[in-house]
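Reader: I would like to learn how to read a protein model from its geometry. Please take one feature at a time.

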Amino acid sequence: MRVPYFQVDAFTDRVFGGNPAGVCLLEEWLPDDVLKRIAGENNLSETAFVTPRGAEFALRWFTPTREVDLCGHATLASAFVLFEERQIAAPEIRFHTQVGVLGATRDGGAVVLDFPAWKAAATGVPAALADGLGWIPREVHKTRDYLAVLADAEEVAGLKPDMAQLARLDCLGLIVTAPGRDCDFVSRFFAPGAGIPEDPVTGSAHCTLIPYWSQRLGKKKLHARQLSARGGELFCEDRGDRVGIGGRCALYSRAELSIP
């Protein structure tokens with residue numbers, strides 16, 4: 001079987017920036033163990049698998065070690081491939097996923113995702129979080145992930161976490177955030193328990209970040225940066241029970257996978 005495959009750098013306008021995602025366009029679903037092996041072979045933070053569903057699409061995401069219920073950058077990459085490489089003319093692409101229907105629209109040279117908003121609840125500081133970061137954050141909240149709030153962008157950029165400690169957390173990953181200098185807020189994301197020590201740019205983390213910073217800053221539209229080594233830029237909007245997460249993409253490669 002020949003599977004069209006694209007590698008896309010998401011949340012950036014240049015190759016070698018942002019977060020690389022694999023996008024596999026399938027005619028029908030392959031067995032789960034094959035999807036897991038493909039994702040492991042690609043060895044990217046996420047590989048997206050897209051199948052037709054009438055005039056819409058079904059979408060799943062895998063890390064090198066497991067399936068995840070939501071992934072922002074690989075959704076952005078999938079929409080970019082369908083818009084640019086498959087010339088989808090519809091104004092909106094709709095993806096059916098584990099967390100419901102996700103939308104993607106064009107906005108000039110960017111793609112904007114319509115994702116669920118996750119309102120974080122304040123919580124105590126787990127020992128693994130404090131030990132993993134090396135200090136106790138100013139605030140800790142939780143949704144799917146833990147959200148640790150630091151004082152400034154320099155503290156976020158300077159983190160050197162203990163990944164073995166963070167892998168003990170009872171969630172997918174840890175978001176660390178602070179106010180930005182040339183943007184509204186910055187973040188980093190660590191998920192060593194899911195096979196991703198540090199994710200370069202994490203769209204799904206912004207389901208938590210956008211409601212938090214929108215309330216704290218008193219504004220609906222926000223400009224964000226993720227301070228990984230590759231870096232990423234996101235254009236965000238608080239829509240109540242939904243969030244808009246926008247970004248650009250750069251195509252790195254087109255290929256075919258040969259699946260026995």
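The dialogue goes from the overall fold to the cores and then to single residues.

Reader: What kind of model is this, and how many helices and strands does the protein chain have?

Author: The model is predicted. Its protein chain has 6 helices and 18 strands.

Reader: How does the radius of gyration of the protein chain relate to that of a compact globule?

Author: The idea is to set the value against the one expected for the chain length. A compact globule of 260 residues would have a radius of gyration near 18 Å, and the protein chain agrees because its own value is 18 Å. The box that holds the C-alpha atoms, taken along the principal axes, is roughly 50 × 35 × 30 Å.

Reader: What percentage of the residues of the protein chain count as buried?

Author: Buried means under 20% relative accessible area. By that cut-off, 56% of the 260 residues of the protein chain are buried. The accessible surface of the chain is about 11100 Å², and carbon and sulfur atoms account for 48% of that area.

Reader: What do the contacts in the protein chain say about separation in sequence?

Author: Take the contacts between residues at least 6 apart in sequence; 62% of these join residues at least 24 apart.

Reader: How many positive and negative side chains are there, and how far apart are the centres of the two sets?

Author: The protein chain carries 28 positive and 33 negative side chains. The centres of the two sets are 1 Å apart.

Reader: Which residues of the largest nonpolar core touch the most other members?

Author: A core of this kind is a set of buried nonpolar residues joined through side-chain atoms. The largest one has 55 residues, and those touching the most other members are Val50, Trp61, Phe95, Phe115 and Ile245. Helix α2, residues 72-85, gives the most to this core, with 8 residues. There is also a second, separate core of 19 residues, including Leu150, Leu169, Cys183 and Val186.

Reader: Which residues does Phe95 touch, not counting residues up to four places away in sequence?

Author: With those neighbours set aside, the partners of Phe95 include Val50, Phe57, Leu59, Leu82 and Val101. Thr75, Ser78 and Gly100 are also among the residues that Phe95 touches.

Reader: Is helix α6 largely enclosed or largely open?

Author: The approach is to count its buried residues. Helix α6 spans residues 206-217, and 9 of its 12 residues are buried, so the helix is largely enclosed by the rest of the structure. Among the buried residues are His206, Leu209, Ile210, Tyr212 and Trp213. Just after α6, Gly218 takes a positive phi of about 70 degrees.

Reader: What is the place of Ala205, and is Ala205 buried or exposed?

Author: Ala205 is in the loop between β14 (196-199) and α6. Ala205 is buried, with a relative accessible area of 2%. Apart from its neighbours within four places in sequence, Ala205 is in contact with Arg144, Ile175 and Phe189. Ala205 and Phe189 are 16 residues apart along the chain, and their C-alpha atoms are separated by 7.6 Å.

Reader: What sign does phi have in most residues other than glycine?

Author: Most residues other than glycine have a negative phi. In this model Phe16 has a positive value, near 80 degrees. Phe16 is in the loop between β1 (2-10) and β2 (19-25), and is exposed with a relative accessible area of 58%. Asn43 also has a positive phi, near 55 degrees. The loop that holds Asn43 runs between α1 (32-42) and β3 (46-53), and Asn43 is exposed at 57% relative accessible area.

Reader: Where does Gly231 lie, and what does Gly231 touch?

Author: Gly231 lies in the loop between β15 (221-226) and β16 (232-238). Not counting residues up to four places away in sequence, Gly231 touches Gly17, Gly18, Val201 and Gln226. The C-alpha atoms of Gly231 and Phe11 are separated by 8.6 Å, although the two residues are 220 apart along the chain.

Reader: Is Lys119 buried or exposed, and which residues is Lys119 in contact with?

Author: Lys119 is exposed, with a relative accessible area of 57%. Lys119 belongs to the loop between β8 (110-116) and β9 (121-122). Leaving aside neighbours within four places in sequence, Lys119 is in contact with Thr143, Pro211 and Gly240.

Terms used
Residues are numbered from 1 along each chain as its sequence is written. Side-chain values use heavy atoms; hydrogens and water are left out. Helices (H or I, at least four residues) and strands (E, at least two) are DSSP runs, numbered from the N terminus. The radius of gyration is taken over C-alpha atoms; the globule rule is 2.2 Å times the number of residues to the power 0.38. Buried means under 20% relative accessible area, exposed over 50%, partly exposed in between (1.4 Å probe, protein chains only). Contact means heavy atoms within 4.5 Å. Accessible areas come from the Shrake-Rupley method with a 1.4 Å probe; for residues, only the protein chains shown count as cover. Lys and Arg count as positive and Asp and Glu as negative; His and the chain ends are not counted. The place of a charge is taken as NZ of Lys, CZ of Arg, CG of Asp or CD of Glu. A nonpolar core is a set of buried Ala, Val, Leu, Ile, Met, Phe, Trp, Tyr and Cys residues joined through side-chain atoms within 4.5 Å.
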